[in-house]
Amino acid sequence: DNHQELNALRHLTSALFITYTIDGGVELIDEVEPLVPRFGEMAKDESRYFGKLCLDELNNFYNSARLHEARGRPHEAAAEVRALLARMRENPATVQDSLPTCEVLLARVAGFL
């Protein structure tokens with residue numbers, strides 16, 4: 001089931017990034033790197049399925065920014081954040097409906113710009 005896989009990927013990528021933040025192990029980034037694009041694909045599918053922007057799609061921009069940051073690519077990280085902000089501007093109803101989650105995302109990405 002795609003929804004279950006999306007949930008599993010959400011939790012796995014989050015756990016790997018948290019562990020990377022604490023331990024700083026490059027091997028963790030090696031493990032999360034192939035998961036981020038898969039998570040992004042599934043999140044876009046979820047948005048298409050429901051006919052509106054899925055919060056996982058926004059979270060994937062954040063995951064991509066973190067991945068670029070960990071790999072030493074600050075310009076790519078900033079580009080992901082700009083893409084996240086553009087998607088938020090394009091979908092004000094989703095942002096309004098999920099304001100607390102979106103505010104947390106904005107606080108997290110502030111350092112990338």
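Start by selecting Arg87, which is partly exposed, with a relative accessible area of 21% (buried is under 20%, exposed over 50% and partly exposed in between, for a 1.4 Å probe and protein chains only). You are looking at a predicted model, where local features need pLDDT of at least 70, side-chain atom pairs count only at pLDDT 80 or more, and totals for chains, interfaces and linings use all residues. Residues are numbered from 1 along each chain as its sequence is written, and side-chain values use heavy atoms, leaving out hydrogens and water.

Now add Glu57: its side chain meets that of Arg87 in a salt bridge (3.1 Å, N to O), meaning a side-chain nitrogen of Lys or Arg within 4 Å of a carboxyl oxygen of Asp or Glu. Glu57 sits in helix α4 (residues 55–70) and Arg87 in helix α5 (residues 74–90), so the pair ties together parts 30 residues apart in sequence. Helices here are DSSP runs (H or I, at least four residues), numbered from the N terminus. Glu57 is buried, at 7% relative accessible area.

Next, select Glu90, which also forms a salt bridge with Arg87, with the closest N and O atoms 3.1 Å apart.

Move to Arg38 and Glu41, another salt bridge (3.7 Å, N to O). Show Glu5 too: Glu5, Arg38 and Glu41 are linked in a network of salt bridges.

Last stop: which rings make up the one aromatic pair? Select Tyr49 and Phe50: the ring centres are 4.9 Å apart and the planes at 85°, so the pair is edge-to-face. Rings of Phe, Tyr and Trp (its six-membered ring) pair if their centres lie within 6.5 Å, and planes under 30 degrees apart count as stacked, over 60 as edge-to-face and the rest as tilted. Both Tyr49 and Phe50 are exposed.

Conventions
Helices (H or I, at least four residues) and strands (E, at least two) are DSSP runs, numbered from the N terminus.
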